Amino acid sequence: MKFDVLVVGAGLAGAAFAAALRGSRLKIGVVESRPPARPQGWDPRIYAISQANVAFLSQIGIWQHLDRSRMAPVYDMEIHGDSGGRLDFSAYDCGLRELAWILESSLMQHELWETIKRQHNVSLLCPAEPASLQQDASHATLSLKDGRQLEARLIVAADGRESWIRQAAGIQVRNTPYDEKGVVANFRCALPHRDTAFQWFRPDGVLAYLPLPDQQMSMVWSAPDALADELVALPPEALCARVAEAGGFRLGELELITPAAAFPLRLMRVNEVVRPRLALIGDAAHAIHPLSGHGINLGYQDARTLAAQLADLPDWRDPGDLSLLRAYARARAEETALLQYTTHGLNRLFKPANPLLAGLRNLGLNLTNQFPVLRNSLVRYAVSGHF
């Protein structure tokens, strides 16, 4: 089987990339091990989608079809330091409709999957798992475990942080573990959140409340490993009490909707984002601390940028040409590095091991809050998709 572009991994970034090429002349294959499962009830995997990616998902025909009853806008945000510092963001003050949208991973995944299933220039190979990868001057060949061989002029690795393609290609990664886990759970709140997101930099990690519809919210608590394990093991009533107290009862008493789950956190940087006939996108290309809430926004912008490079190629141009792929890598380098180092720096700045910095870091929050022009510029930069 021969393709112009072979996408390995049909998660959010991979499926969005394939969908973004629906109007192109390229023949696309998508390899995925299993179709996405639609969870019962609310999905604990919640994302904050920036305005730039609302525009991207609208452009590829996804956003218009999402269930609005399962989405919530963010109109305001409160950020609290660990020693009295505070920073407030308002969409209204910045002349914006909203700062972001909060929605479930599975909501986007389902619509993206259905879209690429119907796409005329996409062959969906599922279930399928890679077995070996070979590259030469004219094409790359991916052999599957079931014996099928797929030939492509370009392979796009969108298969996550543990990317099989990245490892098979021998691309080196540098992992910096945070010795933390992200604990996620959804709750019903006694008090209305008024479409406000909250974040607390605490001595025991970073706690965030993200608004969901119907007076519900999603919690993300980036906590040291021992505390994270303790939180996940708590009975529902005890977890609700702990999370409500940690947030200063800002939304009153809480009722658990989805059980708590935890995943390890690390910073991951790759030595190369592209090679001849190979490009990495999404979590295969980078991993950042979740305190900014923008991990998937980076992945969507990877997909948008690479698809734009390929969409209007003349017939004679090779989509796997290294000069073309390097243009994609250059276009994504600044934003990726900025987010990685900013979130890494903030994590280190607010680490409990740095109590002497408490006054400085909280003063910084308060000073920024006193200068509306600076504060609103930060908001505009963030919602544009560059932060």
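The side chain of Ser24 lies 3.3 Å from the backbone nitrogen of Leu26. This contact belongs to a predicted model, and the report starts from Ser24 before turning to a helix pair and a strand.

**Ser24 and its surroundings**

Ser24 sits in the loop that links helix H1 (12-20) with strand S2 (28-31). Besides reaching Leu26, the side chain of Ser24 has a polar atom 2.8 Å from the backbone oxygen of Leu21. The two polar contacts are set out below.

| Side chain | Backbone atom | Distance |
|---|---|---|
| Ser24 | Leu21 oxygen | 2.8 Å |
| Ser24 | Leu26 nitrogen | 3.3 Å |

Leaving aside residues up to four places away in sequence, Ser24 is in contact with Asn121 and Ala311. The relative accessibility of Ser24 is 8%, and the residue therefore counts as buried, the cut-off being under 20%.

**Helices H1 and H3**

Helix H1, which precedes the loop of Ser24, packs against helix H3 (residues 105-118). Two packed helices are described by the angle between their axes and the distance between the axes. For H1 and H3 the angle is about 35° and the axes are 9 Å apart. The crossing of H1 with H3 is left-handed. On the H1 side the contact consists of Leu12, Ala15, Ala16, Ala18 and Ala19, while H3 contributes Ser105, Met108, Gln109, Leu112, Thr115 and Ile116. Of the residues in this contact, 8 are nonpolar and 3 are polar, with no charged residue.

**Strand S15 and its partners**

Which strands pair with S15? Strand S12 (residues 173-189) does so in the antiparallel sense, through 9 bridges, and strand S14 (residues 205-212) is also antiparallel to S15, with 7 bridges. In the pairing with S12, Met219 of S15 faces Ala185. In the pairing with S14, Trp221 of S15 is the bridge partner of Leu207.

S14 and S15 form a hairpin, and 3 residues separate the two strands. One residue of the turn, Asp214, has a positive phi of about 60°. S15 covers residues 216-224, and 8 of its 9 residues are buried, so the strand is largely enclosed by the rest of the structure.

**The chain as a whole**

The chain has 387 residues, of which 53% are buried. Its secondary structure amounts to 10 helices and 19 strands. Of the contacts between residues at least 6 apart in sequence, 73% join residues at least 24 apart.

Conventions: Residues are numbered from 1 along each chain as its sequence is written. This is a predicted model: local features need pLDDT of at least 70, side-chain atom pairs count only at pLDDT 80 or more; totals for chains, interfaces and linings use all residues. Side-chain values use heavy atoms; hydrogens and water are left out. Buried means under 20% relative accessible area, exposed over 50%, partly exposed in between (1.4 Å probe, protein chains only). Helices (H or I, at least four residues) and strands (E, at least two) are DSSP runs, numbered from the N terminus. Two strands pair if DSSP finds at least two bridges between them. A polar contact is a pair of N or O atoms within 3.5 Å; within protein, one must be able to donate a hydrogen and the other to accept it, and residues adjacent in sequence count only if both atoms are side-chain atoms. Contact means heavy atoms within 4.5 Å. Axes are lines fitted to C-alpha atoms, for helices over the stretch in contact, and angles run from 0 to 180 degrees between N-to-C directions. A crossing is left-handed if the near helix is turned anticlockwise from the far one by less than a right angle, and right-handed if clockwise. Ala, Val, Leu, Ile, Met, Phe, Trp, Tyr, Cys and Pro count as nonpolar, Asp, Glu, Lys and Arg as charged, and the others, Gly among them, as polar.
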